[in-house]
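Biologist: I'm new to reading protein models, and I'd like a close look at one part of this one. Could you walk me through domain 3 and how it sits in the rest of the chain?

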Amino acid sequence: MSLKEFSNLNRNKTILNLCKDTFDLVVIGGGITGAGIALDASSRGLKVALIEKNDFASGTSSKSTKLIHGGLRYLKQFDFWLVKEVGSERAIVHKLAPHLVLPEKMLLPLMENGSYGKWLTSIGLKVYDILAQVTDEDKRQMLEKEDALILEPLLPTKNLNGAGYYAEYRTDDARLTIENIKTSLNYDTTALNYASVEEFIYTDKKITGVVVKDAVSGSEFKIKSKYVVSATGPWVDDLRAVNNSNKGKHLYLTKGVHLVFPYEKLPVQQSVYFDIPDGRMMFAIPRGNTTYVGTTDTHYTENKDKVKTDLADAMYLISAVNNMFPTIELSLDDIVSSWAGLRPLIHEEGKSASELSRKDEIFTSDTGLISIAGGKLTGYRKMAERVVDRVVKLVEEADSTKELKSCHTDEIPLCKNAFKNAKEVKEYILEITSRIQADGFKAHDAWFLVTNYAKQTEVVLETYALINDKDIKVRLAKAELLFCIHYEMIQNPMDFFIRRTGRLYFDIESIRYLMDPILEEFKKVFKLSDNKIEDYRQELEHEIDEHSNFSLNRD
Ligand SMILES: Cc1cc2nc3c(=O)[nH]c(=O)nc-3n(C[C@H](O)[C@H](O)[C@H](O)COP(=O)(O)OP(=O)(O)OC[C@H]3O[C@@H](n4cnc5c(N)ncnc54)[C@H](O)[C@@H]3O)c2cc1C
């Protein structure tokens, strides 16, 4: 399989290209919103530069609940338009990346005095099915108490009135982002991470480019561009301030935390969306050898670059889980990992965090900065379409000879040799299982490879065959690493362990096991000094501790 090289080993060349050309569009922010915009704009025929100050998806787009969902909760807010849009989007994104957006049935226990009564839930889920265009086998079912308990024996027998059972989809947010970016490279996109937009360049009071600081070398360079979009999520107002246009509506940030437990400590048979005592709702989602729960929703005004799960967040979530599942007695010591992210919501006077709409909005400043804020991971493709429609209109107004395509990202599969449907994904997992079993790998390893890399697994396995290492786990991880270095633009080991493979969240022990050989490989490929490798080691140790250590005396 031939893939397009996308590597920080070519960083200088990429920066030269960014300086040399004039772009139609600079997209600031390499989260899911920026990634979707880059793909949409370049596939319509625009020349695009995508600039991310940290790693791709290092903001909110690796910290979500990882659901591509129809937005049942928006029904409670009577936001029918949003339910309809995100509901139909789920089906589209599933079609574009069936290995990455997988069906996930959700159980909604109906409790005495809970948020959802039986009658309202039945009607609500029906409306949801219609709005979200749910097809036959995924249509909602209303379950009696006994059936709900068969599906999820951990539910409390007391106060349980039955359950709703409906369709959602799960994903990996960071991988969805990187696959969008990689797909955009097939058109005219140049993308760079670890490069921060610091200033705008103006000509006759209109933005005509950006000043970028390269976080790797510390030097600055300029990119010339006809239009600039800021898709910087929680940082949107900061960029508007740099542009002197931060007036009118502004962002309201809320922190959302998730905790991860070993599966045996919270062995839910399937995903559950349940009531918690303060009137909010929470998810418990099994994933591999873990179960994760979330989330919180608290106003946040601290450092956006260092969002942490604190003890209060952890205790709140644990007590909510213990309250719902009476036989479960989780404690802080059971947490194996966690993540915390910021929702970039749009402020509305007099509304609480959970009442604020998740709709996106676009602001255009007098000097031409187009900012997109709010929204959901699920709706990223539609958000991108709305932004790019604006840009295309401006391009065509400025140059009537320019002929651009209309949005067709609903037909662009994400990933080389994409699967056609979930059945093909399952068959391929079986095929990979049988191919790697002889070496001692299990079905879970094949599942991980395929849901992470789709058919790019072939490239990983080709590299695996060339590596000499007695330890098969190390050998496979090195093959993955080389894939991510050459085709997914990782710059440091954290990018690999956190955002490209999700190991920090769902297999944290493997980082301890793999740390030395992966650092050694990094050193070799990037030609790094011992000191630099030692810095990376300490950074990794710090990340592991910060995400997993919740002893009461931690600082
Ligand atoms: C706890 C939580 C749970 C959620 N769960 C779900 C869910 O299950 N399903 C769902 O659909 N949605 C969910 N969401 C919402 C969803 O995650 C977000 O809407 C989405 O990830 C936002 O993406 P974004 O690209 O706009 O922002 P981000 O992912 O934050 O990307 C913005 C990027 O801009 C970069 N940047 C900032 N300033 C600059 C600069 N000066 N120069 C260059 N780059 C810059 C940042 O580094 C960052 O990477 C959840 C959100 C939270 C917080």
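Modeller: Here is a walk from the whole chain down to that part, and then out to a few odd spots in the backbone.

Keep in mind from the start that this is a predicted model. The protein chain holds 18 helices and 18 strands. Its C-alpha trace spans about 70 × 60 × 50 Å along the principal axes. Is that what you'd expect of a compact globule? Put as a number: what radius of gyration does the chain have, beside the value for a compact globule of 555 residues? The chain has 23 Å and the globule would be near 24 Å, so the two agree.

What about the inside and the outside? Of the 555 residues, 60% count as buried. The accessible surface comes to about 23200 Å², and carbon and sulfur atoms make up 50% of that. As for charge, there are 73 positive and 82 negative side chains, and the centres of these two sets lie 3 Å apart. Contacts also reach along the sequence: taking those between residues at least 6 apart, 72% join residues at least 24 apart.

Now for the domains. The assignment gives domain 1 as 8-60 + 174-250 + 358-411, domain 2 as 103-170 + 251-353, and domain 3 as 422-548. Your part, domain 3, meets domain 2 through contacts: nine residues of domain 3 touch 13 residues of domain 2. From C-alpha centre to C-alpha centre, domain 2 and domain 3 lie 30 Å apart.

Let's zoom in on helix 13, which covers residues 457-466. Which of its residues are buried? They are Thr457, Val459, Val460, Leu461, Thr463 and Tyr464. And what covers them? The cover includes helix 11, helix 12 (443-453) and helix 14 (472-487).

Helix 14 is a good next stop, and Lys473 is found in it. Is Lys473 buried or exposed? Its relative accessible area is 53%, and the cut-off for exposed is over 50%, so Lys473 counts as exposed. Exposed doesn't mean without contacts here: setting aside neighbours within four places in sequence, Lys473 is in contact with Tyr513 and Leu514. There is also Gly440, which is 33 residues from Lys473 in sequence, while their C-alpha atoms are 9.5 Å apart in space.

Just ahead of helix 11 (422-437) comes a loop that links it to helix 10 (380-398), and Cys415 is in that loop. Most residues other than glycine have a negative phi. Cys415 goes the other way, with a positive phi near 110°. It is also buried, because its relative accessibility is 9% and buried means under 20%.

Elsewhere in the chain, Lys205 has a positive phi too, near 65°. This lysine is in the loop between strand 8 (195-203) and strand 9 (206-214). Where Cys415 is buried, Lys205 is exposed, with a relative accessible area of 70%.

One last oddity concerns a peptide bond. Most peptide bonds are trans. The one joining Gly294 and Thr295 is cis, with omega about 20°. Thr295 is in the loop between strand 14 (290-294) and strand 15 (298-299).

Note on methods
Residues are numbered from 1 along each chain as its sequence is written. This is a predicted model: local features need pLDDT of at least 70, side-chain atom pairs count only at pLDDT 80 or more; totals for chains, interfaces and linings use all residues. Side-chain values use heavy atoms; hydrogens and water are left out. Helices (H or I, at least four residues) and strands (E, at least two) are DSSP runs, numbered from the N terminus. The radius of gyration is taken over C-alpha atoms; the globule rule is 2.2 Å times the number of residues to the power 0.38. Buried means under 20% relative accessible area, exposed over 50%, partly exposed in between (1.4 Å probe, protein chains only). Contact means heavy atoms within 4.5 Å. Accessible areas come from the Shrake-Rupley method with a 1.4 Å probe; for residues, only the protein chains shown count as cover. Lys and Arg count as positive and Asp and Glu as negative; His and the chain ends are not counted. The place of a charge is taken as NZ of Lys, CZ of Arg, CG of Asp or CD of Glu. Domain bounds come from an automatic or database domain assignment.
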